[in-house]
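Okay, my turn. Let me put the model up and then we'll talk through a cavity and some salt bridges.

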Amino acid sequence: MRLSRRSLLATTTAAVAASAAPAVAAPGPGSGHGGGRTLRTGFERLAADGYVLLDGRRVGMVTNPTGITRDVRHIVDVMHADGRVDLAAVFGPEHGFRGTAQAGGSEGRYDDPATGLPVYDTYLKSGQALADIFTASGVDTVVFDIQDAGARFYTYIWTLFDCMEAAQLAGLSFVVLDRPNPVTGRAALGPVLHKEFATFVGRQPISQAHGMTVAELALLFNEEFLTAPVALETVKMSGWKRSDFYDASGMPWVPPSPNMPTPETALVYAGTCLFEGTNLSEGRGTTRPFELLGAEGVDGRWAAAANELGLAGVRFREAYFAPTFSKFQGKTIGGVQLHVHDREAFDPVRTGIGLLITAKRSWSGFAWREDNWIDKLTGSTQVRTMIDAGADTDEVVGGWQQELAAFRRKRRNHLLYR
C-alpha cells in the first residue's frame, strides 16, 4: 500500500514541480473582496516581501494541500523553486502533506517526489517525540500554513499547538502564516472544553466554534496554554474582516480533508460533527458530508420536528441516501439534509444541539457511541446528560453560557483583525 501511495504522489506532483516558479502572482483585479479590498494571505505577504522574514533560516514547513497560492500552486513547490528560501523539510499532519490519506491516517515518512524534500509525519505525535523529529530534520525555524475549518475538533489547530510546543522544546523559532477562518471570525460559539476531556479533537479549553484565525489561535496558545512560550512570529493577512465568509477571499477552496469538500461543509461542521458521537451517519461517504445526517429507520418525522424548532437561517429536508463508506455503508438510510438559507443568522452549534434533541425524540433507535465520544466533541458530560434528562435546545445552550463568556473575554486579547 505504501508503494502504491508513493507512486500516486510521484505521478500527481511531477507536473507541479516542473511548473513551479519563484514568483507569486499578485492578486488580480476582481479577486477577493468588493469595495476595493483584496485579501492577501500570510504567505502572499511573505512572498511579496521577498521572504525577508526567513532570510538566513533553515526552514521546515507544516502544511497540507491547502497551502496554495491563488493560482493553485503549492507553496512548498513555489518556495523550493526560489533561491531566497532555504527550505529543508516538510511536516505532514493528518491526511498527509499531499493529502493521500483518509480520516485517521497519514502518509508516513518519505521523500517528496516533486521536490526531493524529506517529509516527516506529525500525526498523533506531540511533546518530546515531535521535538525529536524537528531536531532530526535539521531545521531552525518551523513555519505553519494550513487552512482551518473553524471548529475546535478539527485536528489541524491541535497540530498547530503540538508543533508549537515541540518547537519550544527543541529550541526552534515558529512562524504562522495566516489564512481566513472560512466561517467568519465574528463570534465564539458553543461549549468550552473541560481539561479532563482533552484529546486530539480538543487539547485546550476553547469554545466549540472558536471564531479565530490560525495566527490568532497561535497567539492564544502561546500566551495562555503552552507551559513555556515558543519564539513565535505571525504573518497577518491584509484585507480580511471578521465578518467575511470564505467566498469573500477570492481564494480557491481546497478541501482541508477528504470530508470537507466545500466552504458550505465548514459552515455546518461545528454543529453537525457532533453526530460522530452517535449511531447516526454524519454523512461521510456521501457528496454532502455533515449536511446529510441519518440512519436506518429514520423517516420524515425528524425533519418535521427539526423545522418546528424554528432555528435561525436553516431549513431541513427529509432525505434518503446510501453512504459509500463509514456508517451504513451501501445501505439506503433516512434522515435530513440541512439547507442554510441565511448564513449570517445561522448558528451551527445551536443547530447541532437541536438536531440531536429532535433525533433522539423522533427515532427510537437513537444512541450515543458506547465510548461517549460525544463528551470529547462537546468537551464535557454536560450536553449528553442534559439531553438524556430531557432538556430542550434553549436549556442545553444556556448551560454553557457562563464558561463561553469567560472564553470570549480571554479570546478578545488575541484578535488581530476587526
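So, a quick bit of vocabulary: Ala, Val, Leu, Ile, Met, Phe, Trp, Tyr, Cys and Pro count as nonpolar, Asp, Glu, Lys and Arg as charged, and the others, Gly among them, as polar. By that scheme, the lining of the largest cavity has five nonpolar residues, two polar and one charged.

The usual caveats: this is a predicted model, where local features need pLDDT of at least 70, side-chain atom pairs count only at pLDDT 80 or more, and totals for chains, interfaces and linings use all residues. Residues are numbered from 1 along each chain as its sequence is written, and side-chain values use heavy atoms, with hydrogens and water left out.

Who lines that cavity? Thr66, Ile68, Gln147, Arg179, Tyr246, Met251, Pro252 and Val254. A cavity here is a set of points on a 1 Å grid over the protein atoms alone where a 1.4 Å probe fits but cannot get out, and lining residues have an atom within 4 Å of a point.

Now keep an eye on Arg179, which forms a salt bridge with Asp145 at 2.5 Å, N to O. That pair ties together distant parts of the chain, 34 residues apart. By salt bridge I mean a side-chain nitrogen of Lys or Arg within 4 Å of a carboxyl oxygen of Asp or Glu. Asp145 is buried at 0% relative accessibility, and Arg179 is buried too at 3%; buried means under 20% relative accessible area, with a 1.4 Å probe and protein chains only.

Last one: Glu276, Glu282, Arg284 and Lys327 form a salt-bridge network. Within it, Arg284 and Glu282 meet at 3.0 Å.

Note on methods: 1 Å grid on protein atoms, 1.4 Å probe; cavity = no way out; pocket = protein on both sides within 12 Å on 5 of 7 lines; lining within 4 Å. Helix = DSSP H or I, 4+ residues; strand = E, 2+ residues; numbered from the N terminus. Buried < 20%, exposed > 50% of the residue type's maximum accessible area, 1.4 Å probe, protein only.
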